[in-house]
Amino acid sequence: MTLNAEQGERLSEILSLRSDKIAKRWAEVAAAPLKGRLSAAESGRQTAELQQQLQSSLKNGALSLDGAAGAELRALLTELSRDRARQGFTASETATSVFALKTALYENSDAAKGKAEALRDYVAWSEFVDELGLFTFEAFARAREQIITQQSEQLMELSTPVVKLWEGVVAVPLVGTLDSARAQVVMERLLQALVDTGSPYAIIDITGVPSVDTQVAHHVLKTVMAARLMGAECIVSGIRPQIAQTIVTLGIDFGDIPTKASLADALRHVIKRLSADARAAKREQ
Amino acid sequence: MTTVVGAAQLQAIVSDEDVVRVRQLVRTAAVTAKLSLVDQTKVVTAASELARNTLVYGGGGQAEVSTVDNGARRGVRVVFSDDGPGIADVELALTDGYTSGGGLGLGLSGARRLVEEFELNTEVGTGTTIAITKWAR
Ligand SMILES: Nc1ncnc2c1ncn2[C@@H]1O[C@H](COP(=O)(O)OP(=O)(O)O)[C@@H](O)[C@H]1O
Ligand SMILES: [Mg+2]
């Protein structure tokens with residue numbers, strides 16, 4: 001909502017005339033729903049900072065949040081949202097800190113005395129504060145989304161360890177849902193581990209993948225092909241009987257990729273291959 | 001006659017997470033219907049395929065999961081529906097290995113093999129509905 005120039009001026013006026021009283025009341029109302037999870041001092045510091053910024057933005061001719069004049073105010077509200085999102089507050093708890101200004105303005109203006117002109121001003125200011133509050137709400141939602149994305153990326157890294165099982169053998173035990181994003185991480189990490197360790201064998205263990213459908217199979221097949229291009233041989237393990245039956249009925253063909261019921265079976269298979277490789281190398285010498 | 005036991009569960013399918021939720025609902029219904037572990041896995045996998053098709057090709061939609069009873073046996077029934085582009089050539093879409101999107105092309109045909117009942121209704125420009133049922137043995 002855009003204020004007109006006089007409404008902006010009168011808002012600026014009351015903010016400086018009643019600066020301390022408004023600050024005190026704003027801080028009180030804002031702190032109430034936070035129930036001590038954020039110290040009153042901290043929340044008071046934030047509302048005071050907002051008040052100062054509002055003051056100076058109004059002085060610079062900001063009559064709404066839009067455009068260059070509202071930039072600093074937007075930045076501050078975004079920062080507030082980000083802090084609160086990180087601290088685990090809800091969107092409404094955060095927006096309430098802004099809406100609290102309305103109570104402070106009402107009580108400290110002649111609107112509280114029922115004067116018509118003052119009430120008209122108050123309605124306009126109130127809509128302006130609504131705009132600030134809604135902006136905060138949206139900024140909060142964006143910040144939350146960012147945090148969630150970051151966390152799931154971190155989780156993804158953590159939940160796809162590539163371990164060196166044996167000299168010449170790396171393994172990726174997959175746990176959980178293998179969606180496209182995770183499949184990508186798995187493939188990159190496995191290929192990197194093959195390079196780092198110089199291993200000729202890799203075991204992809206899907207014991208912990210609850211549902212093996214064509215998408216999972218497709219990702220596993222692509223990973224195996226990529227490893228082959230780097231000269232490494234893959235074994236897929238952890239194919240439980242019910243999954244084996246389902247894969248066959250689906251019509252998925254693992255071709256010449258060795259598959260084993262358990263990780264232990266796969267390791268045994270690889271160790272045999274390693275010693276056969278060693279014997280062959282000796283003969284060649 | 002086939003009757004629905006308890007309340008059918010509706011699940012919107014608009015994201016990858018929803019595909020996971022459909023799988024979980026179907027798994028729970030399959031356990032309720034006392035399906036064997038193999039049959040549970042089969043119907044969950046079929047549901048996973050059809051839910052992903054609803055998302056990817058149907059542009060999103062929904063799944064309705066219920067436990068059913070035909071007097072002799074219990075089973076799981078899942079109905080997938082979307083308002084997407086529909087399937088112009090159903091026979092082609094049901095051909096093993098056919099994909100228009102770089103997949104394995106085994107989802108639709110494989111899902112049909114994994115269940116006992118498979119009804120596909122589709123109209124170009126209107127959308128696709130697929131109902132599957134898996135019965136306990
Ligand atoms: N709900 C749907 N709406 C429109 N087209 C679909 C739908 N489901 C499947 N199809 C078509 O059928 C094809 C085969 O599907 P599917 O066997 O699951 O293979 P894939 O998912 O690997 O492409 C898809 O590539 C798509 O063209
Ligand atoms: Mg598919």
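Student: How do the residues of the lining of the largest pocket divide into nonpolar, polar and charged?
Tutor: In this predicted model, the lining holds 15 nonpolar, 19 polar and 6 charged residues. A pocket is an open set of points on a 1 Å grid over the protein atoms alone where a 1.4 Å probe fits, with protein on both sides within 12 Å along at least five of seven lines, and lining residues have an atom within 4 Å of a point. Gly counts as polar, Tyr and Cys as nonpolar, and Asp, Glu, Lys and Arg as charged.

Student: Which element gives the largest share of that lining?
Tutor: That is H2(B), with 7 residues; helices (H or I, at least four residues) and strands (E, at least two) are DSSP runs, numbered from the N terminus.

Student: New topic: is A:Phe99 buried or exposed?
Tutor: A:Phe99, in helix H5 (residues 91–108) of chain A, is partly exposed because its relative accessibility is 27%, between the limits of under 20% for buried and over 50% for exposed (1.4 Å probe, protein chains only).

Student: And what is A:Phe99 in contact with, beyond its neighbours within four places in sequence?
Tutor: A:Phe99 touches A:Val129, A:Asp130, A:Gly133 and A:Leu134, where contact means heavy atoms within 4.5 Å. A:Gly133 is 34 residues apart from A:Phe99 along the chain, yet their C-alpha atoms are separated by 5.9 Å.

Student: How are residues and chains labelled, and what gets counted?
Tutor: Residues are numbered from 1 along each chain as its sequence is written, while chains are lettered from A and ligands numbered from 1 in the order written. Local features need pLDDT of at least 70 and side-chain atom pairs 80 or more, totals for chains, interfaces and linings use all residues, and side-chain values use heavy atoms, without hydrogens and water.
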